[in-house]
Amino acid sequence: MTTIRQSSVTNAIYDEIKNRIINLYYFPGFKLSESRLASEFNTGRSPIRSAFAKLHSEGWIEVSPQSGTYVRKLSEQEIAEIFEYRLILEVNATRLAAKNITDKKLIQLRQAFNRLRPKKKTFSAGLKTFDRFNELDSLFHTEIYHAAGNSLIKATLLSLHDKVRWLKKLSPSTPSRMRDLFAELDLILQALESRNPSEGAKSMRQHIENAAEFGSDLRATSANSDEK
């Protein structure tokens, strides 16, 4: 019984720390303190260490015996590999989803799209619009993973989804990019609604490639600004 309780505490702490990383409460490079977290969560250090071990195995944190535990910063190579992996799996998942997704799910996705897309032609750079897009984007992708009907693809993409959410937070979209993003999701949805696997795959490929290019350009611009 004690083991079960300790496992539950560890999982709760793991979930909370990961959520803080994804939502940039802990930025890349932030130092995580075992003692401070143990005090905050009112627990011993053992569940904190177990949570750290899981976060480390998934690539969220770095652990150094000399300098401590830090939130990881992904290299450009690692980010590129994430997008390459997504292209391989998500393009195929969309092709499968166009054949398998139910009419009920299509209606729900269209309703969500109409509810969350900005009603004005001019996009603002506000947090509300950004959060609306992220909600819609996450919904689209996860529904496609489920509708693909391949359990291995679904499990792999769902495990990768948190890293994708994190990257979106680290490289927030501009108003012009958000306008394009909503248009891209609309094209994907239209392909699903028309049961067109090739168009769905093509639109998803373009969507992921555009996201990768935007994020790369934004990080390069930010790096150049920091150097000046």
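## Long-range contacts and helix packing in a predicted model

Residues 24 or more positions apart account for 74% of the contacts in the protein with a separation of 6 or more. Contact means heavy atoms within 4.5 Å. This is a predicted model, in which local features need pLDDT of at least 70, side-chain atom pairs count only at pLDDT 80 or more, and totals for chains, interfaces and linings use all residues. Residues are numbered from 1 along each chain as its sequence is written, and side-chain values use heavy atoms, with hydrogens and water left out.

**Overall layout**

The protein has 9 helices and 3 strands. Helices (H or I, at least four residues) and strands (E, at least two) are DSSP runs, numbered from the N terminus. Along the sequence the pattern reads α-β-α-α-β-β-α-α-α-α-α-α. The C-alpha trace spans about 55 × 55 × 30 Å along its principal axes. Of the 228 residues, 41% count as buried. Buried means under 20% relative accessible area, exposed over 50%, and partly exposed in between, with a 1.4 Å probe and protein chains only.

**The sheet**

The 3 strands form an open sheet in the order 1-3-2, with antiparallel pairing. Two strands pair if DSSP finds at least two bridges between them. Strand 1 and strand 2 are the edge strands, each pairing on one side only. Helix 3 packs on the sheet and touches strand 1, strand 2 and strand 3. The direction of helix 3 makes about 115° with that of strand 2.

Strand 2 (residues 61-64) and strand 3 (residues 68-71) pair in the antiparallel sense over 4 bridges. These two strands form a hairpin, with 3 residues between them. Ile61 has Val71 in strand 3 as its bridge partner. Glu62 stands opposite Tyr70 in strand 3.

**The nonpolar core**

The largest nonpolar core holds 57 residues. Such a core is a set of buried Ala, Val, Leu, Ile, Met, Phe, Trp, Tyr and Cys residues joined through side-chain atoms within 4.5 Å. Ile17, Ile21, Leu32, Phe52, Leu136 and Trp166 touch the most other members. Helix 4 (residues 76-100) gives the most to this core, with 9 residues. In soluble globular proteins, nonpolar side chains tend to be buried together.

Trp166 deserves a separate look. Leaving aside neighbours within four places in sequence, Trp166 is in contact with Ile21, Ile22, Leu24, Pro28, Trp60, Val71, Arg72 and Leu74. Val71 is also the bridge partner of Ile61.

**Two helix pairs**

Axes are lines fitted to C-alpha atoms, for helices over the stretch in contact, and angles run from 0 to 180 degrees between N-to-C directions. Helix 4 and helix 7 (residues 151-170) pack at about 130°, with their axes 10 Å apart. The two are therefore oblique to each other. Angles under 35 degrees count as roughly parallel, over 145 as roughly antiparallel, 65 to 115 as roughly perpendicular and the rest as oblique. Helix 4 passes helix 7 in a left-handed crossing. A crossing is left-handed if the near helix is turned anticlockwise from the far one by less than a right angle, and right-handed if clockwise. Residues of helix 4 in this interface include Ile79, Phe83, Arg86 and Leu96. Helix 7 contributes, among them, Ile153, Leu157, Leu160 and Val164.

Helix 5 (residues 103-116) and helix 8 (residues 175-193) have axes that come within 11 Å and cross at roughly 160°. That makes helix 5 roughly antiparallel to helix 8. Their crossing is left-handed. On helix 5 the contact is made by Leu106, Leu109, Arg110, Phe113 and Leu116. On helix 8 it involves Phe182, Leu185, Asp186, Leu189, Gln190, Leu192 and Glu193.

**Three single residues**

Most residues other than glycine have a negative phi. Leu24 has a positive phi, near 65°. Asn42 also has a positive phi, of about 55°. The table lists accessibility for these two residues and for Ser222.

| Residue | Location | Relative accessible area |
|---|---|---|
| Leu24 | Loop between helix 1 (2-22) and strand 1 (31-32) | 16%, buried |
| Asn42 | Loop between helix 2 (34-40) and helix 3 (45-57) | 72%, exposed |
| Ser222 | Helix 9 (residues 197-227) | 40%, partly exposed |

Leu24 is among the contacts of Trp166. Ser222 and Ser67 are 155 residues apart along the chain, and their C-alpha atoms are separated by 27 Å.
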